[in-house]
Amino acid sequence: MTTNNCKSIRYRGRFAPSPTGPLHFGSLVAAMGSYLEAKAHGGEWLVRIENVDTPREVSGASSDILRTLEYLGMKWDGEVVYQSQRSALYQEAIHSLTKLNLVYRCVCTRKEILDSSIMGNIGPIYPSTCRHAQISQKNSALRIQTNDKPIWFEDIIQGRVEQHLESDTGDFVMRRADGIFAYQLAVVVDDAEQKVTHVVRGEDLLDSTPRQIYLQQLLGYPVPDYMHLPVATNRDGKKLSKQTRAAPVDRTKAVPQLFAASRFLGQTPPNELLKSDLSVFWQWALENWQAKQIPQCNRDFIDGSTQEK
Ligand SMILES: [Zn+2]
C-alpha cells in the first residue's frame with residue numbers, strides 16, 4: 001500500500017454553527033471566511049452542527065441552516081456532524097482527563113459562583129471552591145483544574161493572545177450538572193477527531209481559545225491554526241445573534257448578501273458582481289481571496305449593510 005503524505009497535512013477547515021436560529025449575516029461571514037480559506041488552500045470544508053447544548057437547540061434550525069448554505073452555493077465536504085450524537089467521544093475525553101487527576105466535581109450554584117468570584121476580563125473567575133472538596137454527589141458539574149503557566153497562540157488576524165488560565169478564567173466546566181458536555185470540551189474533541197487543521201471563526205471565540213489549547217495539550221491533540229474573523233454587530237454594538245434578533249439570510253437575495261459578507265471581510269468585489277449569478281460570484285471570490293485584507297474588527301457595517309453616516 002502506498003501512503004500519500006500530502007493527505008495528512010492537507011488543509012481542513014470547518015464551519016460550526018449552533019442551531020439556535022436561522023443563518024444570519026454574522027454566521028454568513030464566518031461561513032464565508034472559513035469556506036474561502038479552505039478552498040483557497042485546496043482544502044476541505046466541513047460543516048458541524050454544534051448542538052451539544054440540546055435544550056437551546058431550536059427545532060428545524062439545523063436543516064434550515066444547511067438549506068441556506070446550499071442556496072448560497074456553499075458545498076461542504078463529507079457528512080455533516082452533529083454534536084448531539086457524539087456524547088460517547090466527549091465522555092471518553094473526560095475519562096482521559098480524569099486519569100490525569102485533573103477533573104473534579106463541583107456543586108456550586110451559578111449564584112454562589114457569582115457571589116464568591118472576582119470578575120475578570122473574560123467573566124467570573126471560578127475561585128476553585130470545590131477543587132479539594134472530595135464531592136461524591138452524582139449530579140454535580142465536572143471541572144478541570146487549571147494552572148498559571150502561560151498559554152499563548154498567534155492568531156492569523158488578531159495576533160498574539162496569551163492567558164494564564166488559573167487567574168484569567170479559573171477551573172472551567174467540562175460537563176454541566178445536568179449532564180450536558182461543555183462547548184470547550186466538545187469543540188476540542190470534534191476538531192481533533194475530524195482532523196481539522198485550521199479553525200476560522202468569529203472573534204467572540206478568541207478568549208476561549210487558550211482553554212481549548214489547554215485541553216488539546218492535556219489530551220495530546222494537535223493544536224490547529226486559528227483565524228478569528230471580525231464579528232458583525234447591530235446598532236447597539238452587540239454581536240448579531242438569535243438573542244439580538246438578527247435578520248435571517250434571505251435566500252432570494254443570495255448574491256447581494258454574499259457580496260456584503262465579502263466586503264465585510266475586507267475583500268473588494270466589483271459592483272458588477274451584484275448582478276451576476278452565484279457561480280460567477282464564487283469564482284471571483286475564490287480567485288481574488290486575500291486573507292490579509294481581513295480587518296481585525298469592522299464597525300462600518302451594521303446588520304450587514306454599510307452604516308449610514
Ligand atoms: Zn464548586
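This passage looks at two polar residues, a set of aromatic rings and two arginines placed over rings in a predicted model.

Arg10 is a handy place to start. This residue turns up in the loop that runs between α1 (5–8) and β1 (12–15). With a relative accessible area of 38%, Arg10 falls between the cut-offs of 20% for buried and 50% for exposed, so it counts as partly exposed. Setting aside residues up to four places away in sequence, Arg10 touches Gly42, Gly43, Glu44 and Thr197. With Gly42 there is also a polar contact: the Arg10 side chain reaches the backbone oxygen of that glycine at 2.9 Å. Phe25 is another matter, as 15 residues along the chain separate it from Arg10, and the two C-alpha atoms are 29 Å apart.

Next come the aromatic rings. The structure holds eight aromatic pairs. One of them joins Tyr35 and Trp45, whose ring centres are 4.9 Å apart. The planes of these two rings meet at 80 degrees, which is over the 60 degrees needed, so the pair counts as edge-to-face. Tyr35 belongs to helix α2 (residues 25–40) and Trp45 to strand β2 (residues 44–49), so this pair ties together parts that are 10 residues apart in sequence. Both partners come in under the 20% cut-off and therefore count as buried: Tyr35 has a relative accessibility of 12%, and Trp45 has 0%. The pair is also part of a wider group, since Tyr35 and Trp45 form one aromatic cluster with Phe15, Phe281 and Trp282.

Rings elsewhere in the model have arginines for company. The charged end of Arg143 sits over the ring of Tyr126, at 3.6 Å from the ring centre. For Arg160, the ring underneath the charged end is that of Trp152, and the distance to its centre is 4.1 Å.

Ser208 rounds off the picture. This serine is placed in the loop between β11 (198–202) and α8 (209–219). Its relative accessible area is just 6%, under the 20% cut-off, so Ser208 counts as buried despite its loop position. The Ser208 side chain has a polar contact of its own, reaching the backbone oxygen of Leu205 at 3.0 Å. Once neighbours within four places in sequence are left aside, Ser208 is in contact with Tyr183 and Gln184. Arg10 and Ser208 thus both sit in loops and both point a side chain at a backbone oxygen, but Arg10 is partly exposed, whereas Ser208 is buried.

Note on methods:
Residues are numbered from 1 along each chain as its sequence is written. This is a predicted model: local features need pLDDT of at least 70, side-chain atom pairs count only at pLDDT 80 or more; totals for chains, interfaces and linings use all residues. Side-chain values use heavy atoms; hydrogens and water are left out. Helices (H or I, at least four residues) and strands (E, at least two) are DSSP runs, numbered from the N terminus. Buried means under 20% relative accessible area, exposed over 50%, partly exposed in between (1.4 Å probe, protein chains only). Contact means heavy atoms within 4.5 Å. A polar contact is a pair of N or O atoms within 3.5 Å; within protein, one must be able to donate a hydrogen and the other to accept it, and residues adjacent in sequence count only if both atoms are side-chain atoms. Rings of Phe, Tyr and Trp (its six-membered ring) pair if their centres lie within 6.5 Å; planes under 30 degrees apart count as stacked, over 60 as edge-to-face and the rest as tilted. A charge sits over a ring if NZ of Lys or CZ of Arg is within 6 Å of the ring centre and within 35 degrees of the ring normal.
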